[in-house]
Every structure is written in C-alpha cells, then in structure tokens.
Amino acid sequence: MDHYITGNAIRELREKKKITQKSLAQTLGVSDKTISKWETGKGYPDISLLEPLAAALDISVAELLSGDYVTNQNKMGNMLRSVFYVCPVCGNVIHTLGKCVVSCCGITLPAQEAEETDDAHSFLIEQVEDESFVTVAHEMSKAHHISFLAWVTSNKLELLKLYPEQNAEGRFRLRGHGLLYLYCNKHGLMKRKL
C-alpha cells in the first residue's frame with residue numbers, strides 16, 4: 001500500500017537540519033518513539049501534523065507529500081535564473097527565481113524549459129519612443145495562442161499576460177542584455193537572447 005509520505009524523507013530532512021528525533025518530537029508534541037516509527041515505516045504522521053512537520057523541516061507541505069524537495073542554492077536571486085510554470089487547467093503563470101515545487105489546480109507543475117524561437121514563433125521588435133514594441137505574428141484563438149510575453153534581465157522582469165483574440169504584442173523597455181520569452185499554449189516556452 002502506498003502512503004502519502006515516506007519515513008526516509010522525514011529522516012533525511014531531519015538529519016539535514018541536524019536535529020534529533022527527540023527535538024523534532026518536542027516541537028511536534030509527540031514522543032521520540034513516534035518519530036522513530038515514522039522514520040522506519042512502522043507508522044505515519046496524522047494529517048493534522050503535516051503542516052507543523054513541514055514547518056519544522058523547513059519545506060512546504062506539497063514537498064513533504066511528494067517527497068520531492070528542492071533546495072535553492074542560489075542566494076543571489078539573479079533574475080536570469082527565472083523559471084516559469086504554467087497551469088494547464090486555469091492558465092496561471094507562476095514565476096520563480098530557481099526551481100521549486102509549484103502546484104496549481106491540484107496539479108504539480110513542471111518547470112517550463114525554454115527552446116529557441118522558431119519561424120512560427122519569432123519576435124518583430126520596433127523602437128517606439130523610449131520603449132520597444134514587440135510583436136509575434138501568431139494565431140490568437142482559444143485553441144492556439146501566445147499566453148504571455150516576458151523580458152528578463154539580471155535585475156528585472158517585465159511580464160505581459162495575453163489572452164485569446166487580442167494581438168500578441170506589447171511594449172517593453174529592452175535595455176541592456178537579457179532574454180525575451182514567449183509562451184505558446186501548444187508549443188511551450190521559447191526565448192530569444194538580446
């Protein structure tokens with residue numbers, strides 16, 4: 001029978017934080033024998049303890065449940081390390097500064113891997129006053145459209161959410177070097193380095 005959390009995950013996270021079973025037990029208000037049972041697979045935490053357990057182990061409840069936890073080694077937060085997640089159910093766009101566990105509409109979302117733009121998804125950039133007018137000649141129907149455009153530099157993110165039946169275009173301040181992204185609901189995330 002599959003359980004919602006593994007003892008190995010609890011043990012690994014506890015040891016990584018350098019806390020004892022007794023200390024974790026005191027934090028959660030249970031006995032150290034209870035922690036030992038969880039870690040050896042002879043028992044499992046009650047659902048009411050998931051949030052305090054996740055907090056004590058410094059991870060999210062979603063990471064605790066999935067057993068797939070991510071440690072962000074990037075302390076600098078460089079925007080060029082941006083990661084985009086797109087919900088296939090509601091279309092939410094979630095931006096992070098590094099990979100993490102993200103869920104929306106009950107689904108754990110994969111990080112979008114950007115490919116280079118192709119002929120069907122190319123940018124046309126025109127200078128207009130102090131901004132750049134970016135256009136993508138692409139179908140914008142409910143079935144096939146560009147969901148967002150984004151300009152990312154080392155210290156800035158400009159994201160423009162688009163909707164079907166409007167044009168795939170927007171104004172950005174394209175200063176310096178960075179990445180121009182688009183997300184096609186059928187072909188995924190694409191980028192162009194400027």
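Three aromatic pairs are counted in this predicted model. In one of them, the ring centres of F84 and F148 are 5.2 Å apart and the ring planes meet at 40°. The pair is classed as tilted because this angle is neither under 30 degrees, as stacking requires, nor over 60, as an edge-to-face arrangement requires. F84 belongs to strand β1 (residues 83–86) and F148 to strand β8 (residues 146–152). With the two positions 64 residues apart, the contact of the rings links distant parts of the chain. Both F84 and F148 are buried.

F148 also pairs with Y183, with a centre-to-centre distance of 5.8 Å and an angle of 5° between the planes. This second arrangement is stacked. Y183 lies in strand β11 (residues 179–184), 35 residues from F148 in strand β8, and this pair too joins distant parts of the chain. The relative accessibility of F148 is 0%, so the residue counts as buried. Y183 has a relative accessible area of 10% and is therefore buried as well, the limit being under 20%. Through ring pairs, F84, F148, Y181 and Y183 are joined into a cluster.

A further ring, that of Y163, has a charged group over it. The group is the charged end of K161, placed 5.1 Å from the centre of the Y163 ring.

Helix α1 spans residues 7–16, and its buried residues are G7, A9, I10, L13 and R14. These residues lie on the same side of α1, because the arc they cover around the axis is only 165°. The packing partners of the buried residues of α1 are three helices, namely α2 (21–28), α3 (32–39) and α4 (50–56). After α1 comes K18, which has a positive phi, near 60°.

At the level of the whole protein, the assignment gives two parts, domain 1 (7–66) and domain 2 (79–193). Helix α1 (residues 7–16) falls within the bounds of domain 1 (7–66), as do its packing partners α2 (21–28), α3 (32–39) and α4 (50–56). Strands β1 (residues 83–86) and β8 (residues 146–152) fall within domain 2 (79–193), and so does strand β11 (residues 179–184). The centres of domain 1 and domain 2, taken over C-alpha atoms, are separated by 39 Å.

Terms used: Residues numbered from 1 in each chain as written. Predicted model: local features only at pLDDT ≥ 70, side-chain atom pairs only at ≥ 80, totals over all residues. Heavy atoms only, no water. Phe/Tyr/Trp six-rings, centres within 6.5 Å; stacked < 30°, edge-to-face > 60°. Helix = DSSP H or I, 4+ residues; strand = E, 2+ residues; numbered from the N terminus. Buried < 20%, exposed > 50% of the residue type's maximum accessible area, 1.4 Å probe, protein only. Lys NZ or Arg CZ within 6 Å of the ring centre and 35° of its normal. Arc of directions from axis to C-beta. Contact = heavy atoms within 4.5 Å. Domains from an automatic or database assignment.
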